[in-house]
Amino acid sequence: MQVISTLLLLICSSLLSANTPLLFPNSFLKGVAFSVHQNGGDLFGRSNWSVFEQKKTVLGTPTVTGNQRCNSSVGFWQKGFEDIALLQELGCNSVRFSVEWSAIEPEPGVFNEVVLNFYERYCDALIAAGIQPTVTLHHFTHPHWFDVIGGFEKEINITYFVRFCKVVFSRLNNKVALWYTINEPTVYSFMGYILGMHSPGKTMHFTLAGTVLKNLLLAHVRVYQELKKLPGGQQAQIGIVHQLLRAQAYSEWSPFGKFTAWFLNFCAAHKQTKKFLETGIFEYKIPGIVNVQTHCPEAPQSYDFIGINYYSRVVTGITGPTCFPNEVMTDMEYAIYPDGIYNAIAEMATLGVPMYITENGIPDAKDEHRAEFIKNYLKKVHEAVLDGYDVRGYFYWTLMDNYEWDRGFTQKFGLYQVDLTNLNRVLRPGAEPFKDHFLIANRA
Ligand code: BGC
């Protein structure tokens, strides 16, 4: 069946010109991704990020640009249900969102029924609107009480995360198409323990960064195993979300550029993470600086699919991040690089499980390049499907402008622009290729 539908797509696609819509298979998930903290803030002020945004960096500056506060961000808790109409307007058949641990379990072992009910009703409303919910269990945020006892710095604490996941899974399982255990463990460890730009704001702690990454990966395996034992567990699709970020030097002749690229690649830990998923062996090692290792034989059997977050590569120049001639920079430190998403798919395909693009998007305040970005990246994803790679979904990051962690509200990734004074959402012209040129066969 898969072969026939791929062949049909191949024939149709070859008849299509550059501007005609891209047609994806019937079961392909077309969605947007968001995290509830970034869109709704911290319901009870009990999360690690509520604490982190009050802190100062090692330089004594605010941890969040302009000392901004997430507060209730762009109103997910108030407007989430009405925003389902926005997903429909875009033609989504799926959505990726997170569950807020600090709202569900504000105190250890005390689970908030109102919040669990909210999520249950939200899933029901999505399904009624023809949109399959997919859920991230950890997207950078967790209760402050968890950090107080050492968070993911201590392997023993994994048990608290497992308990939380079991409660959520038992409540929502029959409604959720895909479960993502942890969003970007490598980004959490790099940003939180080396750069100090994310919670908990520790800087250049290589051993902690390695330990936390190891524990997050082990937590993923434990959650996978424990959820599989629960009713409905065997049928559930459970995976992890990995950010495939790589750096490369602008010039082979620049020792600084080459060193920075090597350093970024070590910290972004793509190689270490992929090796763990493939073999169960984890090695986070720079002689004389850090040596964190473990072996978890169950790891290669701990994912039904892989979620790939892919934005771009980082090109390191003499004075900092740059791009190659003819490339267009986004509002962050990377250029538009569509070939990279194809390469990321090809590389992760060796894990031998279905793949979903769980995040891909552009910060583009002027909305000058969004259309081009979406069109070209989607074209590459489509090409990968035609080439036989088992890619089953694409989630654009993100539905609407929201709180971009340490950068506050300065980055504009949204298909919808949000007016922060009244929270009105307005569809951006640059969203057009996502809305009108990204079609699913049975809906076209
Ligand atoms: C994270 C998101 C973030 C996005 C854009 C990803 O690393 O999962 O939470 O907003 O990148 O920077």
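A polar contact is a pair of N or O atoms within 3.5 Å, where within protein one atom must be able to donate a hydrogen and the other to accept it, and residues adjacent in sequence count only if both atoms are side-chain atoms. The model shown here is predicted, with local features needing pLDDT of at least 70 and side-chain atom pairs counting only at pLDDT 80 or more, while totals for chains, interfaces and linings use all residues. Residues are numbered from 1 along each chain as its sequence is written, and side-chain values use heavy atoms, with hydrogens and water left out.

The ligand is a good place to begin. A polar side-chain atom of Glu404 lies 2.6 Å from an oxygen atom of the ligand, an N or O atom in the side chain of Glu359 is 2.8 Å from an oxygen atom of the ligand, and for a polar side-chain atom of Tyr311 the distance to a ligand oxygen atom is 3.4 Å. On its own the ligand has 310 Å² of accessible area, of which the protein covers 93%; such areas come from the Shrake-Rupley method with a 1.4 Å probe, and for residues only the protein chains shown count as cover. The residues around the ligand, meaning those with a heavy atom within 4 Å of it, include Gln38, His139, Asn183, Trp397 and Trp405.

Glu359 can be followed further, into strand β13 (residues 355-359); helices (H or I, at least four residues) and strands (E, at least two) are DSSP runs, numbered from the N terminus. With a relative accessibility of 4%, Glu359 counts as buried, a word that means under 20% relative accessible area, as against exposed for over 50% and partly exposed in between, with a 1.4 Å probe and protein chains only. The side chain of Glu359 also makes a polar contact of 3.1 Å with the side chain of Asn309.

Aromatic rings offer another route through the model, which holds 50 aromatic pairs. Rings of Phe, Tyr and Trp (its six-membered ring) pair if their centres lie within 6.5 Å, and planes under 30 degrees apart count as stacked, over 60 as edge-to-face and the rest as tilted. The rings of Phe169 and Trp179 have centres 5.1 Å apart and planes at 45°, so this pair is tilted. Because Phe169 lies in helix α9 (residues 158-172) and Trp179 in strand β5 (residues 178-183), the pair ties together parts that are 10 residues apart in sequence, and both residues are buried. Tyr403 and Trp405 form an edge-to-face pair, because their ring centres are 6.3 Å apart and their planes stand at 70°; Tyr403 and Trp405 are buried too.

Helix α11 (residues 206-229) has 24 residues, which should span 34 Å at 1.5 Å a residue, and its end C-alpha atoms are 35 Å apart, which agrees; the expected span is 1.5 Å times one less than the number of residues. Of these 24 residues 19 are buried, so α11 is largely enclosed by the rest of the structure.

Some backbone details lie in loops. The peptide bond from Ser199 to Pro200 is cis, with omega near 5°, and Pro200 lies in the loop between α10 (185-193) and α11. Another cis peptide bond joins Trp397 and Thr398, with omega about 15°, and Thr398 is placed in the loop between β14 (391-397) and β15 (416-418).
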